[in-house]
Amino acid sequence: MSKVKVAINGYGTIGKRVADAVTVQDDMEIIGIAKTRPNYEAFVAHDKGYDVYTLADKVDAMNKAGIPAAGTVDDMIAKADVVVDCTPGGIGEKNKALYEKAGVKAIWQGGEDHELAGCSFNAEANYTEALGKDFVRVVSCNTTGLCRVIYPLDQEYGVKKVRVTLMRRSADPNDVKNGPINAIVPNPIKLPSHHGPDVKSVLPHINIASTAVKLPTTLMHLHTLNIEMEKECTADDVKALFAKQSRVRMIGQGIGSTAEIMELGKDLGRPRGDMWENCVWEDSVTMYEGELYFFQAIHQESDVIPENVDAIRAMMELETDGAKSIAKTNKAMGL
Ligand SMILES: NC(=O)C1=CN([C@@H]2O[C@H](COP(=O)(O)OP(=O)(O)OC[C@H]3O[C@@H](n4cnc5c(N)ncnc54)[C@H](O)[C@@H]3O)[C@@H](O)[C@H]2O)C=CC1
Ligand SMILES: O=C(OP(=O)(O)O)[C@H](O)COP(=O)(O)O
């Protein structure tokens with residue numbers, strides 16, 4: 001069977017990781033990546049063997065810099081079965097007309113609104129909803145992390161209400177324009193933050209309220225969760241349930257911070273030191289007056305990457321069973 005042809009439009013933090021994750025799967029391949037500028041990431045992409053496409057007015061600049069442009073973004077889209085749009089939030093929506101004109105499927109990221117795609121995706125929670133769809137949005141890193149714990153709890157015990165405070169990294173490690181900041185910023189000040197409504201775009205029946213602040217760190221986000229459930233359970237029941245989730249990692253062994261989790265990612269030999277799973281502090285899982293509390297850390301640069309691979313598989317109907325797709329993606333990535 002021929003492999004599904006995947007194009008990456010926007011080769012930044014998320015795009016370059018999705019490209020590498022697709023490359024290690026046996027049922028899909030990267031036919032090109034699009035980059036606006038001939039910077040170091042474009043050179044690395046070229047060195048890795050990806051065909052580098054660019055905007056029509058940037059072809060000369062790319063060639064002059066020493067990266068042979070394979071063509072324009074339109075040329076790339078014409079060759080693809082599915083485009084993973086990883087351009088910055090708000091830019092992706094402008095590309096929808098291009099994808100529609102070319103008759104190509106597209107995936108957007110969490111920086112875009114739900115309405116753009118009409119289907120918001122988390123592999124564990126609603127894989128089947130994306131089967132055969134032309135447009136899908138993989139929800140944001142924080143929303144992905146929330147869905148991964150709320151969904152199994154809801155399946156097992158019924159979730160009555162979720163309250164979550166998100167302590168967000170202020171910028172990615174390479175983002176010299178936005179951070180790090182020297183402040184704690186309520187963001188947004190007007191409540192709720194977008195994360196609760198975003199969880200509802202995947203799991204509409206979940207009652208959830210979220211607040212968020214930005215902190216002077218670039219490594220990871222950290223969530224404090226408080227969940228009321230319909231059925232009684234113990235902290236040990238919850239720990240056992242989380243331990244069964246392939247994209248949730250229970251952490252302990254002296255790890256007391258996001259810095260040590262990032263070190264663990266490097267020690268595990270993960271590409272770029274990535275931590276694809278939610279990291280739940282086992283010792284934090286507590287039942288108090290019948291309500292669940294715990295801390296989890298989310299590696300914003302990488303947790304959505306396996307979800308993008310599963311979204312491609314669902315949209316292209318390469319696999320109808322979400323659990324099988326998740327297992328296949330995980331195995332190929334080394335998760
Ligand atoms: N960085 C993060 O922590 C996460 C980001 N996301 C979402 O993923 C999306 C991408 O974010 P990042 O990878 O962080 O952005 P980024 O800024 O690291 O990368 C975006 C890339 O797109 C390129 N680009 C800009 N305009 C373009 C255009 N018109 N055509 C083609 N390429 C263009 C940029 O040059 C850059 O290489 C956003 O929707 C964001 O909200 C989702 C989860 C986590
Ligand atoms: O998807 C993310 O976060 P979010 O779930 O808080 O929107 C990424 O960390 C990007 O967030 P940013 O908008 O702070 O760059």
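Biologist: Hello! I am new to this structure, so let me start small: where is the place of Pro192?

Modeller: Pro192 sits in the loop between β10 and α9. Before we go on, this is a predicted model, where local features need pLDDT of at least 70 and side-chain atom pairs count only at pLDDT 80 or more, while totals for chains, interfaces and linings use all residues. Residues are numbered from 1 along each chain as its sequence is written, chains are lettered from A and ligands numbered from 1 in the order in which they are written, and side-chain values use heavy atoms, leaving out hydrogens and water.

Biologist: What makes the peptide bond between Leu191 and Pro192 cis?

Modeller: Its omega is about 0°. The bond from Asn187 to Pro188 is cis too, with omega near 0°. Pro188 is placed in the loop between β10 (185–186) and α9 (195–202).

Biologist: How many helices and strands does the protein have, and what makes a run of residues count as one?

Modeller: There are 13 helices and 16 strands. Both are DSSP runs numbered from the N terminus: a helix is H or I over at least four residues, a strand E over at least two.

Biologist: How do you know whether the radius of gyration agrees with that of a compact globule?

Modeller: The rule, applied to C-alpha atoms, is 2.2 Å times the number of residues to the power 0.38. For 335 residues that gives a value near 20 Å, and the protein has 20 Å, which agrees. Along the principal axes, the C-alpha atoms fill a box of roughly 65 × 45 × 40 Å.

Biologist: Why is Thr144 called buried or exposed?

Modeller: Buried means under 20% relative accessible area, exposed means over 50%, and partly exposed is in between (1.4 Å probe, protein chains only). Thr144 has 0% relative accessibility, so it counts as buried. Thr144 belongs to helix α8. Over the whole protein, 53% of the 335 residues count as buried.

Biologist: What is Thr144 in contact with, leaving aside its neighbours within four places in sequence?

Modeller: Contact means heavy atoms within 4.5 Å. By that test Thr144 is in contact with Asn122, Val139, Asp303, Val304 and Glu307. Across the protein, counting contacts with a separation of 6 or more, 71% are between residues 24 or more positions apart.

Biologist: How do you know on which side of α10 its buried residues lie?

Modeller: In helix α10 (residues 235–243), the buried residues are Ala235, Val238, Lys239, Leu241 and Phe242. They cover an arc of only 160° around the axis, so they lie on the same side of α10. That arc is taken from the directions that run from the helix axis to the C-beta atoms. In general, an α-helix has 3.6 residues a turn, so residues three or four places apart point the same way.

Biologist: Which elements do the buried residues of α10 pack against, and which exposed residues are on the face turned away?

Modeller: The buried residues pack against α8 (141–157), β13 (248–251), β14 (278–281), β15 (286–288) and β16 (291–298). The face turned away carries Asp236 and Ala243.

Biologist: What makes you describe α9 as largely enclosed by the rest of the structure?

Modeller: Six of the eight residues of α9 are buried, which is why I say so. They are His195, Gly196, Asp198, Val199, Ser201 and Val202.

Biologist: Why is Val248, in strand β13, counted as buried or exposed?

Modeller: Val248 has 7% relative accessibility, so it counts as buried. Not counting residues up to four places away in sequence, Val248 touches Arg148, Val149, Phe242, Glu277, Asn278 and Val280.

Biologist: And why is Thr234 called buried, partly exposed or exposed?

Modeller: At 41% relative accessibility, Thr234 counts as partly exposed. Thr234 lies in the loop between β12 (221–229) and α10. From C-alpha to C-alpha, Thr234 and Asp57 are 60 Å apart in space, and 177 residues apart in sequence.

Biologist: What makes the phi of Arg272 worth a remark?

Modeller: Phi is positive there, about 60°, although Arg272 is not a glycine. Arg272 is in the loop between α11 (258–267) and β14, and its 39% relative accessibility makes it partly exposed. Glu317 is not a glycine either, and has a positive phi of about 50°. Glu317 is placed in the loop between α12 (305–315) and α13 (322–333).
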